[in-house]
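Here are a few exercises to work through with the model in view. Try each one yourself before you read its solution.

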Amino acid sequence: MTDYDRHAHHTLRMWQARMRRRPGLVDHLTRGVQTRINRVIPEKIHVAITATIKQLVRGVLFGAEVTATPPVPGPLSLVARELAVQQRINHYRNLATAEGAATGAAGFLLGLADFPLLLGLKLKLLYEVAALYGHDVREFRERVYLLYIFQLAFSSQHGRNAVYQQLEDWGAIAETLAPDGADFDWRTFQQEYRDYIDLAKLAQLLPVVGAAVGAVANYRLVGQLGDTAMMAYRMRHFAAAAPVLPDSPAPPLLS
């Protein structure tokens with residue numbers, strides 16, 4: 001095994017420990033505040049937001065047969081795949097940064113348009129990351145896997161524990177999926193996502209500071225999603241590898 005493989009495996013193990021971590025005091029306090037906010041918001045608004053996110057995501061999810069990038073075939077080393085993945089993350093992070101700055105500077109109404117634009121960039125990034133790891137997102141189960149990655153990246157620690165378990169047990173979970181996505185919990189998906197990005201995106205609508213906030217927020221959100229996707233696909237890579245790599249760190253090779 002290469003030094004890079006050992007480093008990647010060690011980094012994965014540390015990430016898995018964070019995903020399994022129990023919620024702490026700050027997590028409980030944050031969740032309590034968000035729960036109270038959600039109780040104040042009228043139910044019809046919850047329903048409208050859920051429907052909007054559901055349609056945006058389903059439009060990409062079920063249109064993937066036409067728009068998806070074909071998987072990059074093997075044999076190809078993990079370091080080669082991840083160098084390409086990191087390049088795509090940087091590309092989409094730069095696009096999202098520019099888009100967030102532009103919509104943030106343009107005022108309240110255009111600032112609202114940032115939500116679907118950023119969501120589309122994030123989903124497109126996930127398609128390309130999956131393809132670079134050799135997975136065919138023209139297959140429905142692979143597209144549902146992307147939804148779980150998305151949800152994991154933008155969940156509180158409470159939600160993160162449950163979603164991570166789904167990814168860790170993906171082999172068994174994939175066999176039980178409904179072919180139309182009917183068993184996917186869209187309400188939890190949208191609520192966790194909205195709660196995660198609420199403060200940053202609301203600040204983007206403020207005059208004067210909106211452009212700077214939008215640029216920084218989008219940069220960080222896309223980077224968070226890219227890092228989560230890399231770890232999720234590393235899990236599958238090493239789960240399929242035999243024998244299991246020893247947990248010994250090596251110096252990082254990617255910038």
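**Exercise 1.** What pattern does the protein chain follow, read along the sequence?

*Solution.* Start at the N terminus and note each element: the pattern is α-α-α-α-α-α-α-α-α-α-α. Next, tally them up, and you get 11 helices and zero strands. Here helices (H or I, at least four residues) and strands (E, at least two) are DSSP runs, numbered from the N terminus.

Before going on, a note on the numbers. This is a predicted model, where local features need pLDDT of at least 70 and side-chain atom pairs count only at pLDDT 80 or more, while totals for chains, interfaces and linings use all residues. Residues are numbered from 1 along each chain as its sequence is written, and side-chain values use heavy atoms, leaving out hydrogens and water.

**Exercise 2.** Check whether the span of helix α1 agrees with its number of residues.

*Solution.* First, take residues 3–20, which gives 18 residues. Then work out the expected span (1.5 Å times one less than the number of residues): it should be 26 Å. Finally, look at the end C-alpha atoms of α1, which are 26 Å apart, so the two agree.

**Exercise 3.** Is D3 buried, partly exposed or exposed?

*Solution.* Find D3 in helix α1. Now recall the cut-offs: buried is under 20% relative accessible area, exposed is over 50%, and partly exposed is in between (1.4 Å probe, protein chains only). D3 has 48% relative accessibility, so it counts as partly exposed. Elsewhere in α1, the buried residues include Y4, W15 and M19.

**Exercise 4.** Place H135 and list what it touches.

*Solution.* Begin with the location: H135 is in the loop between α6 (108–132) and α7 (140–153). Its relative accessible area is 17%, so H135 is buried. Last, skip its neighbours within four places in sequence; H135 is then in contact (heavy atoms within 4.5 Å) with P71, A130, E142, Y233 and R236.

**Exercise 5.** Describe how α7 packs against α8.

*Solution.* Look at α7 by itself: 13 of its 14 residues are buried, so α7 is largely enclosed by the rest of the structure. Then bring in helix α8 (residues 157–168): the angle is about 150°, and the axes are 9 Å apart. That makes α7 roughly antiparallel to α8, a term used for angles over 145 degrees. Axes are lines fitted to C-alpha atoms, for helices over the stretch in contact, and angles run from 0 to 180 degrees between N-to-C directions. To finish, pick out the residues that meet: among them are Y145 and L152 in α7, and Y164 and L167 in α8.

Notes
Expected span 1.5 Å × (residues − 1). Parallel < 35°, antiparallel > 145°, perpendicular 65-115°, else oblique.
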